[in-house]
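Trainee: I want to know what stands behind the labels on this model. Can we go through them one by one?

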Amino acid sequence: MQTLKLRTVINLPAIKQEFIRNVAVSTAAVKANEDVPAVKSWKDIPGPSSLPVIGQLLHFIPGGQFHNVNGVELTDLLNKTYGPIVRFDPIVGRPALIFLFDAESSSQIFRGENWLPIRPGFKSLEYYRKHHNKTKEQLELPTGLITDHGDLWKNFRSAVNPVMLQPKTIKLYTTAIDEVAQDMITRMKTLRNENGMLNAKFDDEMNLWALESIAIVALGCRLNCLDPNLPKDSPAMKLIQCVHDIFIAADKLDFKPSVWRFISTPTFKKAMKLYEDQENIAKYFVRQGVEQLKKNPTKSDEQKGVLEKLLEINEEYAYIMASDMLFAGVDTASNTMTATLYLLAKNPEKQEKLREEVLSKKDKKPYLRACIKESFRVMPIVSGNIRLTTKEYNLLGYHIPKDIHIAFGHQHMSLMETYYPRAKEFIPERWLAEKTDPLYHGNTHPFAYAPFGFGVRSCIGRRIAELEIETFLTRVIENFKVEWVGPPPRVHQTSLNYIKGPFNFIFKDV
Ligand code: HEM
């Protein structure tokens with residue numbers, strides 16, 4: 001029974017052949033590696049030294065070598081000090097964590113865990129959805145792809161995959177997403193001052209665009225977030241703020257040492273309230289979307305959109321999936337857009353090349369796609385990924401037991417010269433280069449870079465995000481020459497990489 005269900009996940013038409021091949025290769029890779037005797041225990045993996053009681057925390061408190069070291073600087077320091085594999089001991093509420101800066105070892109874990117992968121991420125959100133003010137019976141109910149694991153996750157994912165990953169369905173949104181992009185351009189033009197800068201907070205603006213765009217797919221209607229008279233306390237603005245605050249609170253609770261599992265800390269209380277608010281606002285929007293659909297059902301099957309198709313499959317899944325789209329689809333797309341614009345502004349010759357392609361109005365836009373891929377490599381919104389081991393592995397000569405968190409330092413690996421020549425430079429051409437070109441991306445290990453994750457658990461919103469970003473970037477480049485003045489933006493790494501102001505963009509008419 002279980003095997004049959006698993007097969008449903010694997011055989012879904014929307015999952016590419018390539019992936020099936022990956023799984024086959026994976027078994028071989030893991031087996032081959034299992035034959036090599038592990039010489040050392042995972043406890044011998046290099047890592048920061050430890051003191052009784054506070055363990056490795058001593059390095060993160062004031063005076064410690066990692067105090068206030070964040071993001072790429074931290075991974076850089078870890079890799080330089082300890083090498084390609086770094087050990088963090090278990091701390092309250094979290095098992096041991098092994099950091100990998102090695103693409104081949106990352107592939108072993110990703111492939112080895114690709115049947116029912118567990119991505120231990122948003123534990124506090126999982127707690128809220130499964131336990132906070134819930135009855136025992138509610139524990140068995142699905143809560144969504146971000147927080148479910150095992151059979152609950154598998155059943156949900158196999159039900160929504162054919163809708164969310166079907167290119168034909170996503171293509172239905174091309175015109176509506178482009179209308180949002182054009183409305184955003186109009187809004188940017190009205191917000192511009194005489195210097196070409198926006199008289200508004202740039203990150204808020206990108207969030208409004210991202211929410212308006214994802215709502216088209218999640219709810220099948222416009223939220224009108226781009227309305228210049230949108231009140232500060234409107235549900236749309238509240239949702240944006242809420243999602244942003246959630247990623248920050250979740251980072252403190254789930255990705256940094258925290259005792260919230262034992263003591264109800266102020267951040268924990270704040271997070272529970274934020275999760276509740278997000279759930280209520282999202283439900284409010286989804287109800288509106290469902291009501292509209294019930295009043296005007298689509299006649300032909302081909303014209304049915306995501307929400308309508310999900311509702312036909314399972315109403316409960318439809319509500320949860322739509323609400324998770326509003327959660328996962330805002331800050332991710334908006335910060336990616338900001339990063340891409342910044343990189344193009346700093347590389348005017350690449351921007352000009354992209355403009356030529358955009359203005360040519362050709363159907364295929366390989367350089368546009370290459371610019372976005374390169375932006376994911378150089379300034380990704382997600383710094384890495386994580387899996388829980390459900391079996392034993394031999395990694396780089398160390399024996400890795402079950403129930404260990406493995407974190408993959410993709411952002412760091414993507415910027416390593418070992419994997420990408422001229423790694424720190426923004427060179428979209430590498431994604432289009434011929435095999436004979438030293439920049440050819442195919443020369444590198446495929447697991448050094450994984451902006452949307454890997455395998456059966458990879459990002460379900462990928463096609464939607466790509467459509468939104470490609471469409472909006474096309475419109476921006478068609479309308480504006482984008483420049484940047486002053487120092488580079490700061491990037492604040494929480495569970496996402498947030499690009500922080502001041503946003504020194506100048507938008508000149510083309
Ligand atoms: C630039 C945009 C985005 C990036 C870079 C991104 C990246 C990711 C990554 C790295 C994962 C983890 C995958 C893994 O564990 O292998 C993920 C999961 C997920 N993403 Fe995205 N994402 C983006 C946009 C979106 C959008 C627009 C949506 C909503 C439609 C979305 C919904 C989700 C969901 C629901 C999951 C959990 C999937 C599962 O566990 O089965 N993401 N995303």
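The talk below sets values against definitions.

Mentor: First, the ground rules. This is a predicted model, where local features need pLDDT of at least 70, side-chain atom pairs count only at pLDDT 80 or more, and totals for chains, interfaces and linings use all residues. Residues are numbered from 1 along each chain as its sequence is written.

Trainee: What makes the chain as compact as a globular protein of its length?

Mentor: The radius of gyration is taken over C-alpha atoms, and the globule rule is 2.2 Å times the number of residues to the power 0.38. For 510 residues the rule gives 24 Å, and the chain has 23 Å, which is close, so the chain is as compact as a globular protein of that length. Its C-alpha atoms fill a box of roughly 65 × 55 × 45 Å along the principal axes.

Trainee: How many residues of the chain count as buried?

Mentor: A residue is buried if 20 or more other C-beta atoms lie within 10 Å of its own, exposed if 12 or fewer, and partly exposed in between, with C-beta atoms placed from the backbone. By that test, 40% of the 510 residues are buried.

Trainee: What share of the contacts joins residues at least 24 apart?

Mentor: Two residues are in contact if their C-beta atoms, placed from the backbone, lie within 7 Å. Take contacts between residues at least 6 apart in sequence: 73% join residues at least 24 apart.

Trainee: How many helices and strands are there?

Mentor: Helices (H or I, at least four residues) and strands (E, at least two) are DSSP runs, numbered from the N terminus. The chain comes to 18 helices and 11 strands.

Trainee: Why are E2 and E4 called edge strands?

Mentor: Two strands pair if DSSP finds at least two bridges between them. The open sheet has the order E2-E3-E7-E4, with mixed pairing. E2 (85-88) and E4 (385-388) each pair on one side only, and they are its edge strands.

Trainee: What makes the pairing in that sheet mixed?

Mentor: Look at the neighbors. E2 and E3 (residues 97-100) are antiparallel over four bridges, with Val86 opposite Phe99. E3 and E7 run parallel, again with four bridges; there Leu97 has His405 as its bridge partner. E4 and E7 (residues 405-408) run antiparallel, joined by four bridges. Asn385 stands opposite Phe408, and Ile386 opposite Ala407. Both senses occur, parallel and antiparallel.

Trainee: Which side chains of E4 are buried?

Mentor: Asn385 and Arg387, which point to one face; Ile386 and Leu388 point to the other and are not buried.

Trainee: How do you know which residues surround the ligand?

Mentor: A residue is near a molecule or strand if its C-beta atom, placed from the backbone, lies within 6 Å of it. The shell has 26 residues, and the closest are Ala328, Gly329, Gly453, Cys459 and Gly461. H13 (315-328), H14 (331-346) and H18 (462-479) each supply at least two.

Trainee: How many shell residues are nonpolar, polar and charged?

Mentor: Ala, Val, Leu, Ile, Met, Phe, Trp, Tyr, Cys and Pro count as nonpolar, Asp, Glu, Lys and Arg as charged, and the others, Gly among them, as polar. The shell has 15 nonpolar, seven polar and four charged residues.
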